[in-house]
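Please open the model in your viewer and keep the sequence panel at hand, as the stops below are given by residue number. Each stop says what to select and then what is found there.

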Amino acid sequence: MVIPATDDSTDSRRFTRFRLREQVETIFREDPAAKSVIEIVLCYPGFHAIVLHRLAHRFYNARLYLLARIVSQFSRWITGIEIHPGAKIGRRFFIDHGMGVVIGETAEIGDDVLLYQGVTLGGTGKEKGKRHPTIGNNVVVGGGAKVLGNITIGECVKIGAGSVVVHSVPNNSTVVGIPGRIVSAKNANVVAALEHGKLPDPEGQAMEDLTKRILELEALVQHMVDLRTVEQP
């Protein structure tokens with residue numbers, strides 16, 4: 001049997017169509033507000049940003065740096081999402097709403113990652129080389145969170161809204177606060193949706209424990225005072 005010669009352009013088109021279909025399916029899975037394919041294609045800035053980033057990243061890898069930056073700047077202009085063309089992004093990546101998201105040049109993002117609006121994957125100074133975070137698979141980063149520096153966020157991690165993470169985080173952890181603190185670490189294989197209302201509040205819990213302890217001590221002191229009053233003639 002004679003195997004026909006492979007048409008590289010055809011394979012490329014098929015690969016592109018597969019990636020686009022996969023991206024649309026990801027949005028349907030992650031966003032219950034999505035009603036139709038045409039709505040996603042026309043109205044979802046997260047979709048526009050990732051599609052344009054794939055193009056800009058190809059130009060970047062081909063050392064067409066200026067052209068890559070022009071594409072990324074155009075994407076920033078129409079979406080409000082700034083992704084440096086050098087950033088490496090895995091499959092099924094979704095930015096929900098997306099306004100104000102910033103992803104730095106040396107950031108690396110795994111598969112099945114979800115970012116909410118206002119997230120920054122940035123650096124901490126003017127250092128050279130790898131200066132942005134590496135994000136593992138199945139990570140969810142809440143709105144307004146900042147992940148800064150050459151750190152590694154493990155797989156199946158949840159980062160709460162408004163958190164500032166400046167240290168590496170192990171797999172299967174939940175991080176909240178400023179600076180980010182690990183508040184739970186479970187041996188889970190998947191990450192559930194980031195339910196901000198159910199995230200623990202370590203500072204609030206500490207204040208509650210402190211208040212409870214003060215009340216106990218006050219009750220103990222009052223009891224000792226009452227005993228002394230009774231013992232006096």
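**Cysteines**

Begin by selecting cysteine 156, which is buried, with a relative accessible area of 8%. The model on the screen is a predicted one, and the values quoted along the way are to be read with that in mind. Now select cysteine 43, which is exposed, with a relative accessible area of 52%. A search of the whole structure for disulfides finds zero.

**The open sheet**

Next, colour the strands of the open sheet, which has four strands in the order 2-5-8-11, with parallel pairing. At its edges stand strand 2 (88-89) and strand 11 (152-153), each with a single partner strand, so that one side of each is left without a neighbour in the sheet. Moving inward, select strand 5 (residues 108-109) together with strand 8 (residues 134-135): these two run parallel and are joined by two bridges. If you pick isoleucine 109, you will find that its bridge partner in strand 8 is isoleucine 135.

**Proline 133 and its surroundings**

From strand 8, step back to proline 133, which lies in the loop between strand 7 (120-122) and strand 8. Is proline 133 buried or exposed? Proline 133 is buried, its relative accessible area being 0%. To see what surrounds this residue, display its contacts beyond four places in sequence, which are Thr106, Ala107, Glu108, Leu121, Gly122, Val147, Leu148, Gly149 and Ile151. A distance label between the C-alpha atoms of proline 133 and alanine 107 should read 5.2 Å, although the two residues are 26 apart along the chain.

**Valine 102**

Leu121, one of the residues touched by proline 133, also leads to the next stop, since valine 102 touches Leu121 along with Glu82, Val119 and Thr120, when residues up to four places away in sequence are not counted. Valine 102 belongs to strand 4 (residues 102-103) and is partly exposed, with a relative accessible area of 30%. The C-alpha atoms of valine 102 and leucine 121 are separated by 6.1 Å, and the residues are 19 apart along the chain.

**Strands 12 and 14**

Now select strand 12 (residues 158-159) and strand 14, which pair in the parallel sense over two bridges. Lysine 158 stands opposite threonine 174 of strand 14. In a regular strand the side chains alternate between the two faces of the sheet. With the side chains of strand 14 (residues 173-176) shown, you can inspect both faces, which are covered: Ser173 and Val175 on one side, and Thr174 and Val176 on the other, are all buried.

**Glutamine 23**

Turn next to helix 1 (residues 8-30) and pick glutamine 23 within this helix. Glutamine 23 is buried, with a relative accessible area of 6%. Leaving aside neighbours within four places in sequence, its contacts are Phe47, Ile50, Arg92, Phe93 and Phe94.

**The cavity**

For the last stop, which residues line the largest cavity? Select Ala49, Leu52, His53, Ala56, Ser72, Ser75 and Ile83, which form this lining. The count of cavities of 30 Å³ or more comes to one, and the volume of the largest cavity is about 40 Å³. Helix 3 (45-61) and helix 4 (65-79) each supply at least two of the lining residues, with helix 3 giving the most, namely four. Coloured by class, the lining shows four nonpolar, three polar and no charged residues.

Technical notes: Residues numbered from 1 in each chain as written. Predicted model: local features only at pLDDT ≥ 70, side-chain atom pairs only at ≥ 80, totals over all residues. Heavy atoms only, no water. 1 Å grid on protein atoms, 1.4 Å probe; cavity = no way out; pocket = protein on both sides within 12 Å on 5 of 7 lines; lining within 4 Å. Points joined across faces, edges and corners; volume = space filled by probe spheres on them. Nonpolar A, V, L, I, M, F, W, Y, C, P; charged D, E, K, R; others polar. Pairing = 2+ DSSP bridges. Disulfide = S-S within 2.5 Å. Buried < 20%, exposed > 50% of the residue type's maximum accessible area, 1.4 Å probe, protein only. Contact = heavy atoms within 4.5 Å.
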